[in-house]
Amino acid sequence: MTVQNKKTPKLDPENTVAFMGAAGANGDLACRQKYPYMHTLPCASFEDVFAAVAEGKAALGLIPIENSQAGRVAEIHQLLPKVKLHIVGEHFQHVEHHLLAPKGATLATVKDAYSHPQGLLQCRNNLRELKLNTHSYASTAQAAADVAQWNDPTKAAVASALAGELYGLETLKPHIEDSKDNVTVFVAFALEPGDPDPEKEKVLTTLLFTVRNIPAALYKALGGFASNGVNIIKLESYIPSGRAQDAAQFFLTFEGHPSERMTQLALEELGFFCKNVTVLGVYAADEARYK
């Protein structure tokens, strides 16, 4: 189900972007930065974000897929084969985490820290130095909201400065992320596919594929990218839930538009050695990718 935003009870779907978490989550911050003129719609889960877009409650959904420190967001890969939406953009979000607690709490009183598993991973060294017990939560902002409600000086949340402001928490220690170069990559989903112009901007294509059960299938499937000069920037394998070990699926992102001749040749060779190929989206690359 979708979490209601009390400040904007009636949203214009065409001007709304959905994210997973409560108000003040890093997804909320990413939405505000990527789409500053749109309303944000908090959702309880990634499935609810996809549903909000599919059901017309939001024009876009912004979903994290990987972090520079904690790696990929594994559950997203299990959802992608079932999603009937299209990737239409990407966003690089610099992530800053703060240790937030109720008024009156200090570093000496706090014993437990609550946050999303990714938040805890991105701050694990600092949290270990502070000797805090860590507890996983559905989202960073929900952890902040509950810590505020508990009003217990022994409990703190690892969340954004925005979450601290929204829920009236004090910052006990700012910037507790282990790396200052802490970036999360988000992708935007929409009902209709995008069609960016490769003559005007860098274009990425993302797809899922499953190779045929033959020797060197993956090597042969990717050979067309090398021979046609198409640059692969991301390749990940994973086993879909409930599938046999020989049914590995691959998540691939490369530079290029399917309308370009070299890309077409690469995709033709990929398709020959695959059981199936599903294009998830063709979209403009975030300029931050090349800085």
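**Note on helix H9, two cysteines and Ser 179**

1. In this predicted model, helix H9 has three residues that count as buried: Thr 263, Ala 266 and Leu 270. Seen down the axis of H9, these buried residues fall within an arc of 65°, so they line one face of the helix. The general rule behind such a pattern is that an α-helix has 3.6 residues a turn, so residues three or four places apart point the same way.

2. The face of H9 turned away from the buried side carries exposed residues, namely Arg 261, Glu 268 and Phe 272. The cover over the buried residues of H9 includes helix H8 (217-227) together with strands E12 (203-211), E14 (249-255) and E15 (274-284).

3. As to its dimensions, H9 runs over residues 261-272, twelve residues, and reaches 17 Å from its first C-alpha to its last. This span is close to the 16 Å expected at 1.5 Å a residue.

4. The structure holds zero disulfides. Cys 31 is in no disulfide, and the nearest cysteine sulfur, that of Cys 43, is 9.3 Å away. Because a disulfide requires two cysteine sulfur atoms within 2.5 Å, this pair does not qualify. Cys 31 is buried, with a relative accessible area of 0%; Cys 43 is likewise buried, at 0%.

5. Where is the place of Ser 179? Ser 179 is in the loop between strand E10 (170-173) and strand E11 (183-190). Its relative accessibility is 18%, and because buried means under 20%, Ser 179 counts as buried. A polar atom of the Ser 179 side chain lies 3.1 Å from the backbone nitrogen of Asp 181.

Key:
Residues are numbered from 1 along each chain as its sequence is written. This is a predicted model: local features need pLDDT of at least 70, side-chain atom pairs count only at pLDDT 80 or more; totals for chains, interfaces and linings use all residues. Side-chain values use heavy atoms; hydrogens and water are left out. Helices (H or I, at least four residues) and strands (E, at least two) are DSSP runs, numbered from the N terminus. Buried means under 20% relative accessible area, exposed over 50%, partly exposed in between (1.4 Å probe, protein chains only). A polar contact is a pair of N or O atoms within 3.5 Å; within protein, one must be able to donate a hydrogen and the other to accept it, and residues adjacent in sequence count only if both atoms are side-chain atoms. The expected span of a helix is 1.5 Å times one less than its number of residues. The arc is that of the directions from the helix axis to the C-beta atoms. Contact means heavy atoms within 4.5 Å.
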